[in-house]
Amino acid sequence: MQIQMTLNQKKITAEIEADTLLLDFVRDHGCLSVKRGCETANCGLCTVLLDGVPVLSCSTLAARATGHHVQTLEGLQAEAEEFVGFIADQGAEQCGFCNPGFVMNTIALLRENPTPTDDEIRAYLAGNLCRCSGYDGQLRGIRAYLDWKEAQAK
Amino acid sequence: MLTINQYVRAESLEQAYELCQKKRNVVLGGMLWLKMQHRNVETAIDLCDLGLDQITETSDSYTIGAMVSLRTLEQHAGLAALTQGAFAEALSHIVGVQFRNTATVGGSLFGRFGFSDVLTLFVVLDAKIELYHHGMLSIAEFCALPRNTRDILVQVHVPKTQKRVVYLSQRNSATDFPVLTCAVALQDGNCQCAIGARPLAAVTFTDETGILQNGITPESAAAFAQNIAQKAEFGKDIRAGVEYRKRVCAVLVRRALLQAKEG
């Protein structure tokens with residue numbers, strides 16, 4: 001079957017099988033930041049933005065994305081660039097496999113709530129699992145970024 | 001592994017209903033549960049073009065389309081006000097934001113899963129389920145339908161009845177399936193209590209013996225909670241045994257009652 005979507009601002013038309021997952025589709029189109037992790041819709045590694053909303057591409061048919069805008073980290077690097085350094089400064093991750101999912105969901109969080117509390121950050125990122133470093137480092141990184149941003153605004 | 005031979009975006013409920021009469025065809029919800037099944041689907045029927053992703057409000061009810069995401073339900077201001085935040089409490093513990101953006105109300109309900117947080121809450125709100133062919137059903141009637149019922153869940157109707165509503169759940173770890181779910185609604189001195197994830201689907205209880213007739217106090221709440229823990233049927237699964245669930249039930253019902261009373 002044929003589908004059409006906008007992937008990272010680029011219009012794409014492609015022939016796919018009916019059961020092609022969005023995860024496989026975007027990876028086949030060069031978006032290798034999107035990872036296959038748990039296969040049970042729990043880990044958040046496969047997070048993409050569908051019309052600006054974070055969803056699990058491992059559980060979304062590519063066919064359902066027809067006519068919609070899909071964004072991966074490849075298309076959001078400028079937006080991510082501002083805060084990923086703060087996460088790195090905290091040594092928040094070791095292997096980095098979970099990082100793209102975390103960054104994608106953090107982008108969604110900050111668009112929805114530019115000044116989240118620590119509890120709001122924890123709640124929003126609860127669907128992103130990290131199995132090597134725990135979660136405090138990521139939280140410290142985001143908090144450091146928000147504090148820096150607040151200081152910049154004054 | 002899930003395989004799908006054909007994908008159809010239904011253009012009408014009638015078309016979706018006709019397609020779903022075939023045993024190997026499946027109506028898609030959020031696909032989160034379906035994807036984990038080993039199944040060969042002939043035709044996946046997608047309702048995403050039928051405008052069922054909206055929550056609409058009338059003077060006496062809210063209507064929630066089958067394709068509304070759990071996240072939308074969680075964040076809806078009107079439903080939050082109606083239930084004093086019970087929707088957010090019921091939904092915010094389900095996996096993560098991305099999961100809840102993907103999962104749909106229709107998919108969550110049609111499976112009549114025992115672990116369903118949302119089903120437990122809808123029970124005490126006296127919600128009605130609208131199926132395309134079977135029409136309007138209470139949650140109890142809906143849950144009693146045979147598992148092989150081939151119909152389309154169109155929308156859920158929640159009456160704007162003024163109640164004090166509290167939802168509580170117990171999980172072994174954050175974002176996991178619940179070990180037990182509990183929803184309590186107080187209206188005009190009457191109490192309705194739903195217990196789910198037993199691990200069976202939610203069932204409701206009322207104060208048949210008048211334990212709460214002189215008001216909700218720490219003592220009467222504890223007695224009512226013990227009464228429900230004794231009456232409810234519990235089972236065991238990988239997460240908890242019967243005795244544990246019974247004890248958790250007594251705690252959650254007592255806390256929910258006291259919280260509902262305080263307002």
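Visitor: What domains is chain A divided into?
Guide: Chain A has domain 1 (2-74) and domain 2 (76-153). Such bounds come from an automatic or database domain assignment. This is a predicted model, in which local features need pLDDT of at least 70, side-chain atom pairs count only at pLDDT 80 or more, and totals for chains, interfaces and linings use all residues. Residues are numbered from 1 along each chain as its sequence is written, while chains are lettered from A and ligands numbered from 1 in the order in which they are written.

Visitor: What makes the contact between domain 1 and domain 2 of chain A?
Guide: Domain 1 of chain A gives 15 residues and domain 2 of chain A gives 14. Contact requires C-beta atoms, placed from the backbone, to lie within 7 Å. Strand β3 (residues 47-50) of chain A gives the most to the domain 1 side, with three residues. That side has eight nonpolar, five polar and two charged residues. The C-alpha centres of the two domains lie 22 Å apart.

Visitor: Why are α2(A) and α3(A) called roughly perpendicular?
Guide: Look at the angle. The axes of α2 (residues 77-89) and α3 (residues 99-112) of chain A cross at roughly 105° and come within 10 Å. Angles of 65 to 115 degrees count as roughly perpendicular. Therefore α2(A) and α3(A) earn the term.

Visitor: Which residues make that helix contact?
Guide: α2(A) supplies A:E79, A:A80, A:F83 and A:V84, and α3(A) supplies A:V103, A:T106 and A:I107. Five of the residues in this contact are nonpolar, one is polar and one is charged.

Visitor: Why is chain B called as compact as a globular protein of its length?
Guide: Its radius of gyration is 19 Å, close to the 18 Å that the globule rule gives for 263 residues, so chain B matches a globular protein of that length. The rule is 2.2 Å times the number of residues to the power 0.38, and the radius is taken over C-alpha atoms. Chain B has 10 helices and 12 strands. Its C-alpha trace spans about 60 × 45 × 30 Å along its principal axes.

Visitor: What share of chain B counts as buried?
Guide: Of its 263 residues, 48% do. A buried residue has 20 or more other C-beta atoms within 10 Å of its own.

Visitor: What makes the interface between chain B and chain A?
Guide: 24 residues of chain B touch 23 of chain A. On the chain B side, β1 (2-9), β3 (39-46) and α5 (97-102) each give two or more residues. The largest share, six residues, comes from β1(B). By class, the chain B side has 12 nonpolar, 10 polar and two charged residues.

Terms used:
Contact = placed C-beta atoms within 7 Å. Helix = DSSP H or I, 4+ residues; strand = E, 2+ residues; numbered from the N terminus. Nonpolar A, V, L, I, M, F, W, Y, C, P; charged D, E, K, R; others polar. Buried ≥ 20, exposed ≤ 12 C-beta atoms within 10 Å, placed from the backbone. Axes fitted to C-alpha atoms, helices over the stretch in contact; angles between N-to-C directions. Parallel < 35°, antiparallel > 145°, perpendicular 65-115°, else oblique.
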